[in-house]
Amino acid sequence: PMRLKDILNCVNAKLVCGEKHLEDDIKRGFASDLMSDVLTILEDDIILITGLSNVQAIRTADMSDIKNILLVRNKKPSPAMIEMANDLSISLAYTSYSLFRASGLLYQAGLKPVY
């Protein structure tokens with residue numbers, strides 16, 4: 001597993017909310033812009049890597065018990081997203097890297113895929 005703070009450092013990401021999760025162990029990563037695919041994930045301790053920057057991503061993460069979200073392509077979360085993530089105790093960060101680059105770097109650093 002990787003700690004959230006190490007994941008964020010690896011992809012040069014900025015944490016927007018959820019500082020209490022920085023020491024969390026993240027066992028796997030899942031990259032998708034399709035929230036219907038995210039709903040099929042039954043793993044714990046994962047990070048969702050997505051370019052979908054709206055409250056639906058937060059709601060989907062919450063329904064899937066995902067506590068960490070990384071937005072890619074320099075998508076910055078809206079105030080509504082930040083408020084919802086705070087309310088649901090979900091960490092929210094963003095990076096300028098593409099979905100492909102962020103996923104590749106994290107895989108290379110040792111983060112395991114969901115499948």
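**Exercise 1. Is Lys 27 buried, partly exposed or exposed?**

Work it out from the relative accessibility of the residue in this predicted model.

*Solution.* Start with the cut-offs: under 20% is buried, over 50% is exposed, and values in between are partly exposed. Lys 27 has a relative accessibility of 47%, so it counts as partly exposed.

**Exercise 2. Find the salt-bridge partner of Lys 27 and say which parts of the chain the pair ties together.**

*Solution.* Begin with the partner: Lys 27 pairs with Asp 45, and their closest N and O atoms are 3.3 Å apart. Next, place both residues. Lys 27 sits in the loop between strand S3 (25-26) and strand S4 (28-31), while Asp 45 sits in the loop between helix H2 (35-38) and strand S5 (46-50), so the salt bridge ties together parts 18 residues apart in sequence. Finally, check the partner's surroundings: Asp 45 has a relative accessible area of 35% and is partly exposed.

**Exercise 3. Do the same for the salt bridge of Glu 43 and Arg 28.**

*Solution.* The N to O distance between these side chains is 3.3 Å. Glu 43 belongs to the loop between H2 and S5 and Arg 28 to strand S4, so parts 15 residues apart in sequence are tied together. As for accessibility, Glu 43 is partly exposed at 29%, and Arg 28 is partly exposed at 29%.

**Exercise 4. Place the salt bridge of Arg 73 and Asp 33 in the chain.**

*Solution.* Take the distance to begin with: N and O are 3.0 Å apart. Then locate the ends. Arg 73 is in the loop between strand S6 (68-71) and helix H4 (79-87), and Asp 33 is in the loop between S4 and H2; the pair links distant parts of the chain, 40 residues apart. Arg 73 is partly exposed at 37%, and Asp 33 is partly exposed at 32%.

To round off the topic, the whole structure has five salt bridges, and Arg 3, Lys 5 and Glu 23 are linked in a network of them.

**Exercise 5. Describe the overall build of the protein and decide how compact it is for its length.**

*Solution.* Count the elements: there are five helices and eight strands. In sequence order they run β-α-β-β-β-α-β-α-β-α-β-α-β. Now compare sizes: the radius of gyration is 12 Å, close to the 13 Å that the globule rule gives for 115 residues, so the protein is as compact as a globular protein of that length. Two further values complete the picture. Buried residues make up 43% of the 115, and among contacts with a separation of 6 or more, 54% join residues 24 or more positions apart.

Note on methods:
Residues are numbered from 1 along each chain as its sequence is written. This is a predicted model: local features need pLDDT of at least 70, side-chain atom pairs count only at pLDDT 80 or more; totals for chains, interfaces and linings use all residues. Side-chain values use heavy atoms; hydrogens and water are left out. Helices (H or I, at least four residues) and strands (E, at least two) are DSSP runs, numbered from the N terminus. The radius of gyration is taken over C-alpha atoms; the globule rule is 2.2 Å times the number of residues to the power 0.38. Buried means under 20% relative accessible area, exposed over 50%, partly exposed in between (1.4 Å probe, protein chains only). Contact means heavy atoms within 4.5 Å. A salt bridge is a side-chain nitrogen of Lys or Arg within 4 Å of a carboxyl oxygen of Asp or Glu.
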